[in-house]
Every structure is written in structure tokens, then in C-alpha cells.
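Hi,

Here is the structure I promised to pass on. Have a look at it first, and my notes come straight after.

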Amino acid sequence: MKAAPFEHHEPSTIDEAVSLLESLERPTILAGGQSLVPMLRFRLARPETIVDINGIDELDYLEEDDDSLRLGALARHADVEEADVVADRYGSFADAAPLVADPQIRNRGTVVGSITQADPKGDWGSVLLAHDGEVVARGPDGERVIPADEFFLLPYDTTLEDGELVTEVRVPTPATREGSAYHKLKRKTGDYAMAGVATRLVFDDEGRIETAGIGLTAVDITNARAREAEDCLEGERPSPELFESAGELAADESNPESDEHGDALYKERMVDVLTQRALGDAAERAGVVRTVTP
Amino acid sequence: MTDEREITLTVNGTKRTIEVEPRRLLVHAIREDLDLTGTHIGCDTGNCGACTVLVDDEPIKSCLTFAVQADGSEVLTVEGMEELPESAGDLHPLQEGFHEEHGLQCGYCTPGMILAGKALLDENPDPDEDEIREAISGNLCRCTGYQNIVRSIEYAADELEARAAADGGTSIPDRASNASATDGSDAAFDCGLENCCGGPAAGADGGESRE
């Protein structure tokens, strides 16, 4: 199948891209294209104009500053896999990156593109939610910072407005005693998650959980937080019983649908198990003795 | 809407300029505009990896990229494997490996497997089995069960190591000096490697240098 004809625009700066997005009729933004190109080929998407941002060098970065880990719109999944700062300090990102699609697709596909596409089966949205991350968008009226909690609306739908270009996603730099993890269940390489869970735990000086973040993949209409599970963790000391309670709550909060990969009840049970495992990893990485070995 | 654009790709070391519509996929440009039909289209959905090529040394699926996006890039397809320095004018060790280890049956996935293997060995000359399986995890084979493909890539890794370790690189120069006996080089000895011992200079074909 071939895509329908389209006009191809290649801006070389963010400003140029934003003014193109404002002036063109219903444009579509092309970054890694690993989901968009098949959609164009099957004519599920049929834009008249495409703004290809791959030539905007100022969007090609993955860096940590005093406040955040920042991923520009052209940071590829493979860049996350290869970044030392990620391997050292951001366990959930290091876990998730090699589980996305397959090696060839990770060389082209972008983290920002995946989040912006807002497929509920995408891995990065859950990681962003667990970390209380932010999405940075540029539009005709300037820059807007959208908390991850306020970003996802429906499958493939976000609170982005027409004419806005996501330039960056970012998460806070880890606290002294912080750990994060991502666990994903899938049949084989290249599959989307049947279920996935991202966790982030921040501990206080006395070893109590100060902040907990849990993001769920593929078990609701968007990437979703497991708020009750988070609440049950905060203020408590980690223990197998505590993580079991959190797993059960996360499973209760999830809303998976039955499909060819498994029925809803099975997926809920998997949310329970994956939550416990990801909490165990996060606690271990925070330097807290491993308390759960499911 | 159907305006064509001129793009230049350095394909297997040779600069090629073609005119394409923006909607033209890289795999179609390679197969139909450049007549390099070694790159296959298996699934049309980005799953199977038969269309894998290296763009600027990275393996990608050429059915998931528009040709205009590769403008100015270097592209390596299976047809270019024999021209690589380590092939010394004959089959590349990876191609030899697929032959020796029976790494194919119908052969449809083979070009993609070879390019995925090439990208792996460029980064990691001595991969273990898990690393090989991970590197070809984006490539589907419906005949072999993968066992022999893994062995083929292991064969190539061993062969490349043996050639590199051979005293003075004898296995390469012996074959390469035959292949390039008439290149007029005034070096007394030609190891066949780019920019070495009188071997071909980078960019000698008007192409850009390959890293």
C-alpha cells in the first residue's frame, strides 16, 4: 500500500515548524514515523501536509540538568537505551527502552512521538506518569508546560491543541533515595504490552515511602495512574505485605478489556504481579533492602 | 501534490540521484528506482524486517521511512555486502556464513537478516547467542526456526575475527590483490582495506567515505 499524496515540509527550526503548523491546513507532524508511516500507508491517516521535524537539530537531545532529565522530540528509543545517565539513574527508562518494539524501530521511533500518539498500549506514557513528568509544547502563543496527569484524554487523543508541537518531555531528577522500574508483559519482541507497570518510589531519611508513582500500560483507555495504590504506599515502610496490597489496588483500579491475548481478569492479575515486581525493583534501586521477591 | 523531489543517496558507496514523490517509501525507491531488488518487502506493516537496510550505519526498516527522509544519507543494501573491504571481492563472511550453516531455506528474510547481522557485528564483533537473537528480533523467518541463522552469524563473527587476527591479514590481501590487480596502484602491497596499504581511498568512486 502506498500513502496518499501529501506535501512534505522540512523545517529546520522550531520556530519555522510552529509557523508552518499555524499556516497549513490540518497538518500532521512526522517524527520517527514508526506508527505514522503504516497509518499513512493504510490510509488510516490521510493528511494533505506533513511537517517532518527530523531536520530540526535543536530537538535532538537527551540530557540531564539540575532539575530534570529532558528528552527532545528527536530522542529515539535507542538513544535512551544507550545513554549512560539513564542506565545509572533512571531505572524505569532503562527498563522500558529495550522493551519497545524491535531494534530497527527503536533506531527511528521517538519517545516524544510515542507519548504524543497516546496509544494506551504505549510504554512511555506510564513511565512519564509514574515520574510526575511534564510535556513541553510550543504553539503560536509560545511555550506551554503540561503535567503528564493532564495530558492523556482518550486513545490517541491528548490535551494538545491544534498548531502545537511537543518539543520535549521531562521528568524530575531523582531524589537521594529514589528508585524506579518498568515491567511489561508481552508475548514476543515487537508486540505491544498486554500489561505494563511503571513505578517510582522516593524514600525519606527514615526509610518511609514519601512519594509513590505508578503508571499502567494497556489496561485502560489511556496510560493511567493507579492512585489508590500510590496512596496506600505513601507514609509506609516497604514490606512484602504492603506491596501486595498495592498490587491488588492497582489491579482493582485497572480496566483491561478481554482480547486475543487474554481475558480481563487475567490482565488484572498480571497488573497485580507486575506492580509488585516493579515496586520491588524500585525499592531495591533506591538503596532500600529488597523486600519482595515474587 | 504529486511534485517530485530530487534526492541523493549514497547507496553501497555510490552516489545516486533520483526523483521521488514525498510519499515514496525508501524500500520502493531502492527496489524500483535504483533496481536493487535484493531488499525485500515481506509484510508491508513494519513487522517482518525483510526490508532492513543500514542508513548511516543503523539498521532500519525501509518500509517505515520515506525516501525523502534518507536524502543525503548513506544506504547499505545486501547488494553492497560483497563490495565491503572485509569481503575482499568475494562473499562477505555473513553471506558465507548463511551458505555454510544453511541459514536460509526460502531466502526471503535473508537480506534483512544479513543487514541486521552486519549492524550487530559492526558494534559487537564477538556477540553471544542472546545478543545475536536480540539483534535479529525484529526480523521474522518462517522457515528455519532461527537456529541456523544464529549459527550463520556466529560463523561470520568467527571468520571476521580470524581474518583480522591472521598474520598480516593474509586471508584478505591474497584475495584482494587479485581483485584489484589492475587498479594501477603504485603501492607494492595492497591489503584491500580502505585507506590502507594502497587499498582504495575513501570516496574513490565519487562516493562519500564510509565510516
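Below is what I found, going from chain A to chain B and then to the place where they meet.

One thing before you start: this is a predicted model, and every value here is computed from it.

Chain A first. It is divided into domain 1 (7–52), domain 2 (62–172) and domain 3 (178–285). If you want a feel for the layout, the C-alpha centres of domain 1 of chain A and domain 3 of chain A are 35 Å apart. There is also an annotation to go with this chain: an unreviewed UniProt entry places the feature "domain: FAD-binding PCMH-type" at residues 1–176 of chain A. That span is 31% helix and 24% strand, and its end C-alpha atoms lie 52 Å apart.

Chain A has an open sheet of three strands, in the order 1-3-2, with parallel pairing. Strand 1 (7–9) and strand 2 (28–30) of chain A are the edge strands, each pairing on one side only. On average, neighbouring strands of this sheet are turned by 30 degrees against each other, direction ignored. To see one of the pairings in detail, go to strand 2 of chain A and strand 3 (residues 49–52) of chain A, which run parallel over three bridges. There, A:L30 has A:D52 in strand 3 of chain A as its bridge partner.

A residue worth clicking on is A:T116, which you will find in helix 7 (residues 111–117) of chain A. Is A:T116 buried or exposed? The cut-off for buried is 20 or more other C-beta atoms within 10 Å, and A:T116 has 24 of them, so A:T116 counts as buried. Some of its surroundings come from further along the chain. Leaving aside neighbours within four places in sequence, A:T116 is in contact with A:T158, A:L160 and A:V166. A:Y156 is 40 residues away from A:T116 along the chain, yet their C-alpha atoms are separated by 7.9 Å.

Now chain B. This one is divided into domain 1 (5–80) and domain 2 (82–179), and the C-alpha centres of those two domains of chain B lie 21 Å apart. Their contact takes 20 residues from domain 1 of chain B and 15 residues from domain 2 of chain B. On the domain 1 side, strand 3 and strand 4 of chain B are the elements that give two or more residues. The largest share there, three residues, comes from strand 3 of chain B. By class, that side of domain 1 of chain B has eight nonpolar, ten polar and two charged residues.

Those two strands also belong together. Strand 3 (residues 52–55) of chain B and strand 4 (residues 58–61) of chain B pair in the antiparallel sense over four bridges, and B:T52 has B:K61 as its bridge partner in strand 4 of chain B. They form a hairpin with two residues between them, and B:D56 in the turn has a positive phi of about 50 degrees.

Last, where the chains meet. How many residues of chain B are in contact with chain A? There are 22, and they touch 21 residues of chain A. Strand 4 of chain B turns up again here, giving the largest share of the chain B side, four residues. That side of chain B is made up of seven nonpolar, ten polar and five charged residues.

Cheers

Terms used:
Residues numbered from 1 in each chain as written. Chains lettered and ligands numbered in written order. Predicted model: local features only at pLDDT ≥ 70, side-chain atom pairs only at ≥ 80, totals over all residues. Pairing = 2+ DSSP bridges. UniProt positions renumbered as here; feature names shortened; annotations may be inferred. Contact = placed C-beta atoms within 7 Å. Nonpolar A, V, L, I, M, F, W, Y, C, P; charged D, E, K, R; others polar. Domains from an automatic or database assignment. Axes fitted to C-alpha atoms, helices over the stretch in contact; angles between N-to-C directions. Buried ≥ 20, exposed ≤ 12 C-beta atoms within 10 Å, placed from the backbone.
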